[in-house]
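Please walk through this structure with its pocket, its buried segments and its charged pairs in turn. The sequence and the structure come first.

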Amino acid sequence: SMESEPGGALERQLNAVRGIGELLASSIGLESLFNRIMPQVSVLMGAELSTLYLYDESTNEIWSQALEGDVHKEIRLPVGSGIAGWAAEHRTLVNIADAYEDNRFNPSFDKKSGFQTRAVAATPLKTRDGRLLGVLQVINNKRGGPFFEEDIALLETIASQVCHAIENVTLSQQIIDQNVELKKARARAEQRSNDLDLLYQLEQGTAGATTVDELVETFLNQT
């Protein structure tokens, strides 16, 4: 089996790093993280399902985006809720062979979808200084049984790449937002400058007027 072949495991990790690195380099924005990267994580991990949760500090929730048909549906969980929520709260990796034997598991998704969750591995996504960014979760090892040590090493490798991607996405989103604000501020400044120019011209033009008619004519010409 693959888990007993260190060479095979290492090759698998290197290929994963390369594959995801290439995808991340060509991806911009959160949409591509959810819709392009996550399916690739499932393939690399040999998992039936993989989910990226992002941490929302303002509400102390983790949230994800799922595509149902053509509609993006947002999923939100309080930190501490479910296995992914536990991983977020404790900033600790979780690896369980059977979700139904674990009291942290919330089976509502299975009940709604008919999906059967078995093995679950979830790892918190953290910055170098320990700030929580989210959780990366994989469900059901396609090779059967739990996620092995080799799988977890691979998950951690992918998680560190996804961390960089989230930071870059957040940064690029901030830059986009700042550019929009900058354009608005620039437009306001230009408007103000134009207003001041016009006032100056009016002042200069009307200063030489000696009658009301001249004043009105100058004013109309200027405006």
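**Charged pairs, pocket and core**

Aspartate 151 has a relative accessibility of 0% and counts as buried. The model that gives this value is a predicted one. The partner of aspartate 151 in a salt bridge is arginine 143, with 2.4 Å between the closest N and O atoms. Arginine 143 is partly exposed, at a relative accessible area of 38%, whereas aspartate 151 is buried. Side chains of opposite charge can pair when their charged atoms come close.

Other charged residues are linked through shared partners: Asp56, Glu61, Glu74 and Arg76 are joined by salt bridges into one network. Within this network, arginine 76 forms a salt bridge with glutamate 61, and their closest N and O atoms are 2.8 Å apart. This pair connects distant parts of the chain, since arginine 76 lies in strand S3 and glutamate 61 in strand S2, 15 residues apart. Arginine 76 also forms a salt bridge with glutamate 74, where the closest N and O atoms are again 2.8 Å apart. Arginine 76 is partly exposed, with a relative accessible area of 34%, and glutamate 74 is partly exposed at 46%. In total the count comes to seven salt bridges.

The next feature is the largest pocket, with a volume of about 900 Å³. Its lining is made of 34 residues, of which Leu49, Thr51, Tyr53, Ile75 and Phe109 are the closest to its centre. Helices H2 (29-45), H3 (82-90) and H4 (108-113) each give two or more residues to the lining, as do strands S1 (47-56), S2 (61-68), S3 (71-78) and S6 (132-141). By class, 16 of the lining residues are nonpolar, 14 are polar and four are charged.

Two of the elements that line the pocket, S1 and S6, are also paired with each other. They run antiparallel and are joined by seven bridges. In this pairing alanine 47 stands opposite asparagine 141 of S6. Seven of the 10 residues of S1 are buried, so this strand is largely enclosed by the rest of the structure.

Helix H3 also contributes to the pocket lining. Its buried residues include Gly82, Ile83, Ala84, Gly85, Ala87 and Ala88. After H3 comes arginine 91, which has a positive phi, near 55°.

What surrounds leucine 133 in strand S6? Leucine 133 has a relative accessible area of 9%, so it is buried under the 20% cut-off. Neighbours within four places in sequence aside, leucine 133 is in contact with Tyr53, Leu54 and Tyr55, with Leu125, Lys126 and Thr127, and with Cys163, Ile166 and Glu167. Tyr53 is thus listed both among these contacts and among the residues closest to the centre of the largest pocket. Glutamate 167, another of the contacts, is 34 residues from leucine 133 in sequence, with a C-alpha to C-alpha separation of 8.3 Å.

The last residue to consider is glutamine 161, which lies in helix H5 (residues 149-207). Glutamine 161 is buried, with a relative accessible area of 13%. Setting aside residues up to four places away in sequence, glutamine 161 touches Ala16, Val17, Ile20, Gly21 and Leu24.

Notes
Residues are numbered from 1 along each chain as its sequence is written. This is a predicted model: local features need pLDDT of at least 70, side-chain atom pairs count only at pLDDT 80 or more; totals for chains, interfaces and linings use all residues. Side-chain values use heavy atoms; hydrogens and water are left out. On a 1 Å grid over the protein atoms alone, a cavity is a set of points where a 1.4 Å probe fits but cannot get out, and a pocket is an open set with protein on both sides within 12 Å along at least five of seven lines; lining residues have an atom within 4 Å of a point. Grid points are joined across faces, edges and corners, and a volume is the space filled by probe spheres set on the points. Helices (H or I, at least four residues) and strands (E, at least two) are DSSP runs, numbered from the N terminus. Ala, Val, Leu, Ile, Met, Phe, Trp, Tyr, Cys and Pro count as nonpolar, Asp, Glu, Lys and Arg as charged, and the others, Gly among them, as polar. Buried means under 20% relative accessible area, exposed over 50%, partly exposed in between (1.4 Å probe, protein chains only). Two strands pair if DSSP finds at least two bridges between them. Contact means heavy atoms within 4.5 Å. A salt bridge is a side-chain nitrogen of Lys or Arg within 4 Å of a carboxyl oxygen of Asp or Glu.
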